[in-house]
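Open the model in your viewer and keep the sequence panel beside it. This tour says what to select at each stop and what you will find there.

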Amino acid sequence: AVKLLDPRLASDPEFIHRLREDSRAAAALNHPCIVRTIACGSTGAACYVAQELVEGESLRTRLRRGPLSAQSALDVVQSVASALDYARQQGEL
(Lines give C-alpha, C1' and ligand atoms only; values in the text may rest on other atoms or scores of the structure.)
Protein backbone atom coordinates (compact mmCIF):
# COMPACT_ATOMS: atom_id res chain seq x y z
CA ALA A 1 0.00 0.00 0.00
CA VAL A 2 1.29 3.44 -0.86
CA LYS A 3 0.06 6.36 1.21
CA LEU A 4 0.37 9.79 -0.36
CA LEU A 5 0.64 12.59 2.16
CA ASP A 6 -0.54 16.17 1.91
CA PRO A 7 1.62 17.89 -0.76
CA ARG A 8 2.23 20.85 1.57
CA LEU A 9 4.31 18.54 3.75
CA ALA A 10 6.90 17.93 1.00
CA SER A 11 8.16 21.50 1.43
CA ASP A 12 8.77 21.08 5.17
CA PRO A 13 12.33 19.74 5.67
CA GLU A 14 11.67 18.98 9.34
CA PHE A 15 8.64 16.87 8.42
CA ILE A 16 10.58 14.98 5.73
CA HIS A 17 13.40 14.28 8.20
CA ARG A 18 10.92 13.01 10.82
CA LEU A 19 9.12 10.92 8.19
CA ARG A 20 12.36 9.24 7.15
CA GLU A 21 13.43 8.61 10.76
CA ASP A 22 10.02 7.22 11.75
CA SER A 23 9.94 5.01 8.65
CA ARG A 24 13.44 3.72 9.36
CA ALA A 25 12.42 2.85 12.90
CA ALA A 26 9.21 1.16 11.74
CA ALA A 27 11.08 -0.83 9.08
CA ALA A 28 13.30 -2.30 11.79
CA LEU A 29 10.30 -3.76 13.64
CA ASN A 30 8.85 -7.20 12.97
CA HIS A 31 5.67 -7.78 14.96
CA PRO A 32 2.26 -9.11 13.91
CA CYS A 33 0.52 -5.96 15.21
CA ILE A 34 2.82 -3.49 13.45
CA VAL A 35 2.40 -2.75 9.74
CA ARG A 36 5.73 -3.25 7.97
CA THR A 37 7.14 -0.12 6.33
CA ILE A 38 8.88 -0.79 3.03
CA ALA A 39 9.96 2.68 1.89
CA CYS A 40 9.31 6.36 2.27
CA GLY A 41 10.37 9.47 0.49
CA SER A 42 9.36 12.45 -1.53
CA THR A 43 9.38 13.33 -5.20
CA GLY A 44 8.67 16.91 -6.07
CA ALA A 45 5.48 17.86 -4.25
CA ALA A 46 4.56 14.28 -3.27
CA CYS A 47 5.48 12.59 0.01
CA TYR A 48 4.80 8.89 0.27
CA VAL A 49 5.08 5.92 2.59
CA ALA A 50 4.96 2.38 1.18
CA GLN A 51 3.77 -0.22 3.67
CA GLU A 52 2.59 -3.79 3.53
CA LEU A 53 -1.04 -4.08 2.51
CA VAL A 54 -3.18 -5.35 5.38
CA GLU A 55 -6.55 -6.70 4.34
CA GLY A 56 -9.52 -6.17 6.60
CA GLU A 57 -11.54 -3.53 8.33
CA SER A 58 -9.99 -0.57 10.12
CA LEU A 59 -10.88 0.10 13.73
CA ARG A 60 -12.38 3.43 12.64
CA THR A 61 -14.72 1.67 10.21
CA ARG A 62 -15.64 -0.94 12.79
CA LEU A 63 -16.48 1.70 15.40
CA ARG A 64 -18.86 3.43 12.99
CA ARG A 65 -21.10 0.37 13.31
CA GLY A 66 -21.33 0.85 17.07
CA PRO A 67 -19.43 0.15 20.27
CA LEU A 68 -17.16 -2.84 20.64
CA SER A 69 -18.01 -5.60 23.05
CA ALA A 70 -15.89 -5.66 26.19
CA GLN A 71 -13.92 -8.64 24.83
CA SER A 72 -13.31 -6.99 21.45
CA ALA A 73 -12.14 -3.79 23.15
CA LEU A 74 -9.81 -5.81 25.37
CA ASP A 75 -8.43 -7.61 22.31
CA VAL A 76 -7.64 -4.27 20.64
CA VAL A 77 -5.97 -2.89 23.76
CA GLN A 78 -3.90 -6.06 24.19
CA SER A 79 -2.76 -5.90 20.54
CA VAL A 80 -1.75 -2.26 20.85
CA ALA A 81 0.01 -2.87 24.17
CA SER A 82 1.88 -5.84 22.71
CA ALA A 83 3.08 -3.77 19.73
CA LEU A 84 4.13 -0.85 21.94
CA ASP A 85 5.98 -3.14 24.35
CA TYR A 86 7.81 -4.79 21.45
CA ALA A 87 8.77 -1.42 19.92
CA ARG A 88 9.99 -0.19 23.32
CA GLN A 89 12.09 -3.34 23.81
CA GLN A 90 13.67 -2.78 20.40
CA GLY A 91 14.57 0.79 21.39
CA GLU A 92 12.30 2.30 18.75
CA LEU A 93 9.85 3.99 21.08
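The tour starts with the whole chain and then goes residue by residue.

**The whole chain**

Keep in mind that this is a predicted model. Colour by secondary structure. You should find three helices and three strands. Trace them along the sequence and the order reads β-α-β-β-α-α. The radius of gyration is 16 Å, well over the 12 Å that the globule rule gives for 93 residues, so the chain is more spread out than a compact globule. Turn the view along the principal axes: the C-alpha atoms fill a box of roughly 45 × 35 × 20 Å.

Now switch on the surface. The chain exposes about 6,700 Å². Carbon and sulfur atoms supply 56% of that area. Of the 93 residues, 22% are buried. Next, colour by charge. There are 11 positive and 11 negative charges, and their mean positions lie 4 Å apart. Last, think about contacts. Among those with a separation of 6 or more, 51% join residues 24 or more positions apart.

**Stop 1: Val2**

Select Val2, in strand S1. S1 covers residues 2-5. Is Val2 buried or exposed? Val2 counts as exposed, because its relative accessibility is 59%, over the 50% cut-off. Show its contacts beyond four places in sequence: they are Tyr48, Val49 and Ala50. Then draw a C-alpha distance from Val2 to Gln51. The two are 49 residues apart in sequence but 6.3 Å apart in space.

**Stop 2: Gln51**

Follow that distance line to its other end. Gln51 belongs to strand S3, residues 46-51. Gln51 is buried, because its relative accessible area is 16%, under the 20% cut-off. Leave out the neighbours within four places in sequence and display what remains in contact. Gln51 touches Ala1 and Lys3, along with Val35, Arg36, Thr37 and Ile38. Thr37 is worth a label, since strand S2 covers residues 37-43.

**Stop 3: Cys47**

Stay in strand S3 and select Cys47. How accessible is Cys47? At 0% relative accessibility, Cys47 counts as buried. Display its contacts beyond four places in sequence. They include Lys3, Leu4 and Leu5. Leu9, Ala10 and Ile16 are also among them. Gly41 and Ser42 complete the set. Now draw a C-alpha line from Cys47 to Ser11. These residues are 36 apart along the chain, and the line reads 9.4 Å.

**Stop 4: Asp6**

Go to Asp6, in the loop between strand S1 and helix H1 (13-27). Asp6 counts as partly exposed, because its relative accessibility is 30%, between the cut-offs of 20% and 50%. Show side chains here. The side chain of Asp6 makes a polar contact of 2.4 Å with the side chain of Arg8. Then zoom out and add Val77. Asp6 and Val77 are 71 residues apart in sequence, and their C-alpha atoms are 29 Å apart.

**Stop 5: His31**

Move past helix H1 to His31, in the loop that leads to strand S2. Is this loop residue, His31, buried or exposed? At 13% relative accessibility, His31 counts as buried. Which residue shares a side-chain polar contact with His31? Select Ser82: a polar contact of 2.9 Å joins the two side chains. Add Ala83 and Tyr86 to the selection. With Ser82, they are the residues that His31 contacts once neighbours within four places in sequence are set aside.

**Stop 6: Glu55**

Finish at Glu55, in the loop between strand S3 and helix H2 (59-64). Glu55 counts as exposed, with 67% relative accessibility. Select Phe15 as well and draw the C-alpha line. Glu55 and Phe15 are 40 residues apart in sequence and 28 Å apart in space.

**Before you close the viewer**

Put two loop residues side by side. His31 is buried, whereas Glu55 is exposed. Then do the same for two strand residues: Cys47 is buried, whereas Val2 is exposed.

How values were computed
Residues are numbered from 1 along each chain as its sequence is written. This is a predicted model: local features need pLDDT of at least 70, side-chain atom pairs count only at pLDDT 80 or more; totals for chains, interfaces and linings use all residues. Side-chain values use heavy atoms; hydrogens and water are left out. Helices (H or I, at least four residues) and strands (E, at least two) are DSSP runs, numbered from the N terminus. Buried means under 20% relative accessible area, exposed over 50%, partly exposed in between (1.4 Å probe, protein chains only). A polar contact is a pair of N or O atoms within 3.5 Å; within protein, one must be able to donate a hydrogen and the other to accept it, and residues adjacent in sequence count only if both atoms are side-chain atoms. Contact means heavy atoms within 4.5 Å. The radius of gyration is taken over C-alpha atoms; the globule rule is 2.2 Å times the number of residues to the power 0.38. Accessible areas come from the Shrake-Rupley method with a 1.4 Å probe; for residues, only the protein chains shown count as cover. Lys and Arg count as positive and Asp and Glu as negative; His and the chain ends are not counted. The place of a charge is taken as NZ of Lys, CZ of Arg, CG of Asp or CD of Glu.
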